[in-house]
Amino acid sequence: MFSASQSSKAQFLDKARQAREERRELKERERAAVQIQALVRRFLCRCHLQKEIRREVEDFFGSAESGASKRSALSVFRIARKLLFVFNHKEDKERFEKLCRCILNSMDVENEPKVWYVSLALSKDLTLLWIKQIKDILWFCCEFLKQLKPDILQDSRLVSLHLTMLVTFTDTSTWKILRGKGETLRPAMNHICANIMGHLNQKGFYSVLQILLTNGLARSRPSLSKGSLTAIFSLALRPVVAAQFSDNLLRSFLIHIMSVPAIMTHLATLTPERLAVIESHDLFRKFIIFLSREAQCRDVCVCLEGSHTLCLLGNLVYLGSLNDKVLEDETAHFVGVLIHMLSYCQKYVSQKKSNLTHWHPVLGWFSQSVDYGLNESMPLLTKQLQHLWGVHMIRILFSDVLSKKLLENQEIAQLPTQPVSPQNSLPMKNLFKRAFQKSASVRNILKPVGGKRVDSAEVQKVCSICVLYQTTLTTLTQIRLQILTGLTYLDDLLPKLWAFICELGPQGGLKLFLECLNNDTEESKRLLAMLMLFCDCSRHLITILDDIEVYEEQISFKLEELVTISSFLNSFVFKMIWDGIVENARGETLELFHSVHGWLMVLYERDCRRRFAPEDHWLRKDLKPSVLFQELDKDKKRAQLLLQYIPHVIPHKNRVLLFRNMVTKEKEKLGLVETSSASPHVTHITIRRSRMLEDGYEQLRQLSQNAMKGVIRVKFVNDLGVDEAGIDQDGVFKEFLEEIIKKVFDPALNLFKTTSGDERLYPSPTSYIHENYLQLFEFVGKMLGKAVYEGIVVDVPFASFFLSQLLGHHHSVFYSSVDELPSLDSEFYKNLTSIKRYDGDISDLGLTLSYDEDVMGQLVCHELVPGGKTIPVTNENKISYIHLMAHFRMHTQIKSQTAALISGFRSIIKPEWIRMFSAPELQRLISGDNAEIDLEDLK
């Protein structure tokens with residue numbers, strides 16, 4: 001009974017709970033339904049209201065367009081308030097455009113204050129509301145400007161409209177209400193404009209202008225009109241001027257406006273009046289002084305990152321080129337700012353491609369993100385940067401150096417008679433005489449004299465400028481040659497810079513710079529940067545000058561100065577190596593070494609081709625060959641580096657001994673030398689006298705590399721097929737080698753040709769008529785290598801340019817085909833260089849980028865570049881034509897033959913063995929010394 005009552009009670013409670021939950025759910029549904037209905041009604045009501053407002057706005061503007069009476073400012077204000085209440089960017093784009101036009105039209109009406117939209121600012125009740133409304137309208141204008149593309153015609157019209165709104169209501173100059181008696185209101189109205197401009201700045205006004213400028217200008221041809229660009233720049237300048245050039249506004253202007261690619265160039269082209277405004281406000285000076293504070297400059301660079309920092313740099317350089325007075329007054333600050341900005345970019349310049357780098361047209365591989373949208377404007381940016389190494393700016397920056405007058409010597413310089421090496425094509429005595437009799441007044445030869453304190457203001461200034469240009473060279477990697485060409489354009493800059501260097505320190509010259517290497521101070525780094533810049537520029541200059549310009553016209557440097565400079569460089573590089581500095585060199589020190597060494601080797605190779613230095617000039621008297629050989633035996637690093645970089649400081653005869661020692665060591669290592677316990681492997685070959693070349697080729701070309709280096713015994717068979725008497729103890733092989741080399745180098749065989757004039761040998765361009773001609777050249781290379789390997793002297797006079805290729809010099813970045821051309825054809829060289837000096841229009845000569853050659857009675861046209869026979873030679877490409885022609889004659893025509901011969905030669909002679917010889921010295925190694933016998937010495 002009890003359990004039954006309990007069960008009914010539980011059921012009752014359960015039903016009551018369910019009923020409660022049902023009632024609650026019902027109430028929830030009712031509440032939700034009411035809420036949904038409210039939302040729907042609100043949405044429908046809002047839609048209805050928006051539709052009504054938009055209809056009202058349409059009717060308002062429709063009646064205005066139909067020519068009805070002019071609308072009062074109050075009615076415009078009210079309709080604008082309604083439009084802004086329901087404003088949607090997509091739906092109300094056209095209505096907003098009509099509102100803007102209506103407002104601007106009201107401002108143009110004459111003598112009707114009630115129509116002027118700005119008149120509401122004078123109403124006590126509406127002032128605050130009007131200010132808020134105009135702020136909203138102007139910001140919506142900015143929002144639209146961010147989305148518009150100036151290169152589209154319709155968008156360009158809207159750009160003009162929105163810019164006009166911004167220009168009109170951020171300055172009181174066009175407000176008719178302030179004319180006459182209204183002038184007393186101007187301060188108050190100016191305050192309202194300042195308030196509006198401040199609001200826009202807080203919302204990101206400069207970012208809007210930057211986007212608009214970039215869209216319109218970051219392209220090969222600007223799409224912004226003169227009026228639009230004028231308006232944008234005026235708007236950008238207003239906050240800066242109003243804030244009296246405060247740091248905060250200057251920073252925004254630099255980051256957002258001055259970083260737009262080539263904006264200053266576009267201003268100069270489209271609206272030069274804006275540049276006059278910049279000058280009137282002395283903005284360039286203000287920019288430089290602001291950025292001269294390191295923290296502020298770093299902040300700007302970090303905000304911009306590399307690509308845009310470079311754009312800012314270009315605009316500053318362009319402004320500098322237009323403001324000589326400021327540049328002269330603020331040289332130190334200007335140079336410091338550019339160094340800091342270039343150094344910031346340089347941190348991210350990479351030497352190679354990787355997953356973390358991006359390609360930049362000016363900086364090369366760059367480890368920061370690159371804005372590829374700026375690529376179209378890179379040519380304009382490069383033109384701006386070119387002003388930095390243009391003549392005008394160099395004259396201003398290097399004024400302290402260029403203002404120096406090099407001392408004049410009224411007597412004609414008496415030159416010592418110098419020996420003439422056989423490879424020189426012109427008598428040196430007559431050459432010197434012609435060069436120095438051009439003027440009755442010859443300046444003194446510049447030599448280290450010392451006397452100028454390195455901590456003086458003048459020296460520090462020049463050092464800073466050198467640091468600037470050196471940083472430019474290492475940062476703007478893709479236009480490095482342009483920069484070097486610009487820096488070497490003035491003939492007197494480099495000699496005067498050398499004169500300046502000669503005056504530094506107590507004694508001048510070497511000692512000061514060697515001390516700098518051991519001092520890790522900022523002053524030392526700057527002095528070394530000066531030396532590095534001098535070396536880089538001078539090397540570039542000498543590389544691009546031909547022999548006439550160096551030896552006869554003596555452009556920039558006199559020959560005696562090249563002797564002095566080369567002596568300085570030789571000693572400097574020797575000290576760097578011998579004192580152990582190069583062994584542990586990193587970063588800037590290593591770059592300095594390569595710079596000085598590169599300049600030294602260019603001078604040395606020029607001297608090897610055509611002597612300008614005295615006998616034994618390149619030798620180091622304080623270096624004993626015996627000491628060097630001992631250190632090489634002990635594998636001392638400095639001795640190895642010396643042999644690698646400046647072997648010419650060792651006398652030639654000692655290098656020949658060293659070469660023979662290297663060969664002997666290899667023979668011992670390969671077991672090619674007879675000892676008491678073992679005999680070397682001997683290769684026996686039988687050669688018919690009548691078919692010496694054919695038999696030698698067939699039997700020797702198949703030999704392995706080691707067998708070719710080993711002992712080869714030759715047995716000759718005469719014309720009757722009988723073995724000739726005699727035992728080969730190297731003498732018969734020597735005869736065989738000499739005979740076979742004599743045959744293969746005979747021009748009649750057409751494997752080799754002789755140069756015009758001195759009849760020196762080089763591979764024949766038409767040698768391809770021989771079957772297997774490349775295998776023949778490889779065989780010739782092996783035979784020549786074998787002769788050098790065994791110390792057998794063969795009478796084979798090679799052309800200088802071919803010896804350079806044998807040494808691998810043609811792979812050097814400083815190698816010039818034009819310099820070597822006289823050794824191939826001196827007459828052809830004169831004709832080519834006459835094109836370089838031709839004063840008229842070179843296109844009148846009817847030349848094309850091609851070379852016509854008579855090949856076995858048939859005229860063959862070789863194109864120097866693809867399609868070259870249709871490309872005329874002009875004044876713009878004539879230098880390229882000269883280099884292409886020289887390269888074709890000496891390299892392209894005989895490329896495969898030379899490669900085959902070098903491959904054979906290097907299979908016997910290691911390249912590093914002969915790198916210690918110059919081209920003339922390699923000829924002496926092959927053919928022996930042709931010096932006259934000293935009979936007195938033999939007595």
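Select Asn750 to begin. In this predicted model, Asn750 has 17% relative accessibility, and because buried means under 20%, Asn750 counts as buried. Asn750 sits in the loop that runs between α33 (731–744) and β7 (752–754). Check the backbone here: phi of Asn750 is near 65°, a positive value, and the residue is not a glycine. Most residues other than glycine have a negative phi.

**From Asn772 into α34**

Move along the chain to Asn772. This residue is in the loop between β8 (761–763) and α34. Is Asn772 on the positive or the negative side in phi? Its phi is positive, about 55°, although Asn772 is not a glycine. Asn772 has 42% relative accessibility and therefore counts as partly exposed, whereas Asn750 counts as buried.

Now select residues 773–790, which form helix α34. With 18 residues at 1.5 Å a residue, α34 should span 26 Å, and its end C-alpha atoms are 26 Å apart, so the expected and modelled spans agree. Turn on the surface around α34 and most of the helix is covered, with 14 of the 18 residues buried. Gly791 follows α34 and has a positive phi, near 75°.

**Helix α23 and what covers it**

Go next to residues 510–518, helix α23. Which residues of α23 are buried? Leu512, Phe513, Leu514, Cys516 and Leu517 are. To see what lies over them, show α22 (493–502), α24 (522–544), α26 (559–578) and α27 (587–609), which are included in the cover of the buried residues of α23.

**His597 in α27**

One of those covering helices, α27, holds His597. Select His597 and colour by accessibility: at 13% relative accessibility, this histidine counts as buried. What does His597 touch, leaving out residues up to four places away in sequence? The contacts are Val573, Tyr645 and Ile646. Draw a distance from His597 to Cys535 as well; the two are 62 residues apart in sequence, and their C-alpha atoms are 8.8 Å apart in space.

**Ser567 in α26**

Another covering helix, α26, contains Ser567. Ser567 has 34% relative accessibility and counts as partly exposed. For a view across the model, pair Ser567 with Val167. Their C-alpha atoms are 67 Å apart, and 400 residues separate the two in sequence.

**Lys146 in α4**

Select residues 127–147, helix α4, and pick out Lys146 within it. At 31% relative accessibility, Lys146 counts as partly exposed. Which residues lie in contact with Lys146, again leaving out those up to four places away in sequence? Lys146 touches Val208, Ile211 and Asn215. Add Leu212 to the selection: Lys146 and Leu212 are 66 residues apart in sequence, but C-alpha to C-alpha they are 6.2 Å apart.

**Tyr344 in α15**

Then select residues 331–346, helix α15, where Tyr344 lies. Is Tyr344 buried or exposed? With 7% relative accessibility, Tyr344 counts as buried. Draw a line from Tyr344 to Leu693. This pair is 349 residues apart in sequence and 65 Å apart in space, C-alpha to C-alpha.

**Zooming out**

Finish with the whole chain in a cartoon view. The protein chain has 42 helices and 10 strands. Its radius of gyration is 42 Å, well over the 30 Å that the globule rule gives for 939 residues, so the chain is more spread out than a compact globule. Along the principal axes, the C-alpha atoms fill a box of roughly 135 × 110 × 65 Å.

Switch to a surface view. About 45800 Å² of the protein chain is exposed, and carbon and sulfur atoms supply 52% of that area. Of the 939 residues, 50% are buried.

Colour by charge next. The chain carries 116 positive and 110 negative charges, and the mean positions of the two sets are 10 Å apart.

The final item is the contacts. Among contacts between residues at least 6 apart in sequence, 75% join residues at least 24 apart. The contacts of Lys146 with Val208, Ile211 and Asn215, and those of His597 with Val573, Tyr645 and Ile646, can be put back on screen here as examples of contacts in the chain.

Definitions and conventions
Residues are numbered from 1 along each chain as its sequence is written. This is a predicted model: local features need pLDDT of at least 70, side-chain atom pairs count only at pLDDT 80 or more; totals for chains, interfaces and linings use all residues. Side-chain values use heavy atoms; hydrogens and water are left out. Helices (H or I, at least four residues) and strands (E, at least two) are DSSP runs, numbered from the N terminus. The radius of gyration is taken over C-alpha atoms; the globule rule is 2.2 Å times the number of residues to the power 0.38. Buried means under 20% relative accessible area, exposed over 50%, partly exposed in between (1.4 Å probe, protein chains only). Contact means heavy atoms within 4.5 Å. Accessible areas come from the Shrake-Rupley method with a 1.4 Å probe; for residues, only the protein chains shown count as cover. Lys and Arg count as positive and Asp and Glu as negative; His and the chain ends are not counted. The place of a charge is taken as NZ of Lys, CZ of Arg, CG of Asp or CD of Glu. The expected span of a helix is 1.5 Å times one less than its number of residues.
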